[in-house]
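Let's take a stroll through some strands and see who pairs with whom. Keep the 3D view open while you read.

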Amino acid sequence: QVQLVESGGGLVQSGGSLRLSCAASGFALKDYAIGWFRQAPGKEREKVSCISSRDGGSAYADSVMGRFTISRDNAYNTLYLQMNSLKSEDTGTYYCAADSLVGSDCSYFSQAPLSLYDWWGQGTQVTVSS
């Protein structure tokens with residue numbers, strides 16, 4: 001059974017840092033493209049970052065480029081998102097989600113619809129106070 005469980009969210013001041021984790025079970029992270037997404041209250045869910053299977057190439061939304069870093073630990077089958085220099089506009093519920101196609105990548109992350117990602121976690125709340 002595929003399962004994704006996020007953790008690490010919380011309340012942080014503007015300029016601070018958080019590291020989110022996404023523990024995967026039922027499949028091997030390294031074989032699928034997987035990413036982070038977020039949704040602020042009253043707004044649509046948006047893409048944040050993605051890491052490809054195989055070569056581990058990554059992609060980022062312009063709004064987080066240079067501040068956030070996506071990584072994965074294959075031994076622990078866990079995905080991470082290191083978030084630095086947080087801003088109030090980073091507030092939202094953060095989700096991890098994977099593309100269920102084996103060998104998938106993030107080459108077209110910016111154009112890909114959210115529906116491409118089949119397996120979703122329940123989310124973790126991040127609140128950045130100004």
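In this predicted model, strand S4 covers residues 34-39 and is mostly tucked away: five of its six residues are buried. Here, buried means under 20% relative accessible area.

Which strands does S4 pair with? One is strand S5, residues 46-51, which is antiparallel to S4 and linked to it by five bridges. Another is strand S9, residues 92-98, also antiparallel to S4, this time with six bridges. If you'd like to spot individual pairs, try phenylalanine 37, whose bridge partner in S5 is lysine 47. On the S9 side, isoleucine 34 has alanine 98 as its bridge partner.

S4 and S5 form a hairpin with six residues between the strands. Have a look at glycine 42 in that hairpin: its phi is positive, near 75°.

Now for a sheet elsewhere in the model. Four strands make up an open sheet in the order S1-S3-S8-S7, and the pairing is antiparallel. Its edges are S1 (3-7) and S7 (68-73), each of which pairs on one side only. From one strand to the next, the twist averages 15°.

At the S7 edge, S7 runs antiparallel to strand S8, residues 78-83, and six bridges hold the two together. Within this pair, threonine 69 sits opposite glutamine 82 of S8.

Here are the strand pairs side by side:

| Strand pair | Direction | Bridges |
|---|---|---|
| S4 and S5 | antiparallel | five bridges |
| S4 and S9 | antiparallel | six bridges |
| S7 and S8 | antiparallel | six bridges |

One last thing to keep in mind while you look: side chains in a regular strand alternate between the two faces of the sheet.

Conventions. Residues are numbered from 1 along each chain as its sequence is written. This is a predicted model: local features need pLDDT of at least 70, side-chain atom pairs count only at pLDDT 80 or more; totals for chains, interfaces and linings use all residues. Side-chain values use heavy atoms; hydrogens and water are left out. Buried means under 20% relative accessible area, exposed over 50%, partly exposed in between (1.4 Å probe, protein chains only). Two strands pair if DSSP finds at least two bridges between them. Axes are lines fitted to C-alpha atoms, for helices over the stretch in contact, and angles run from 0 to 180 degrees between N-to-C directions.
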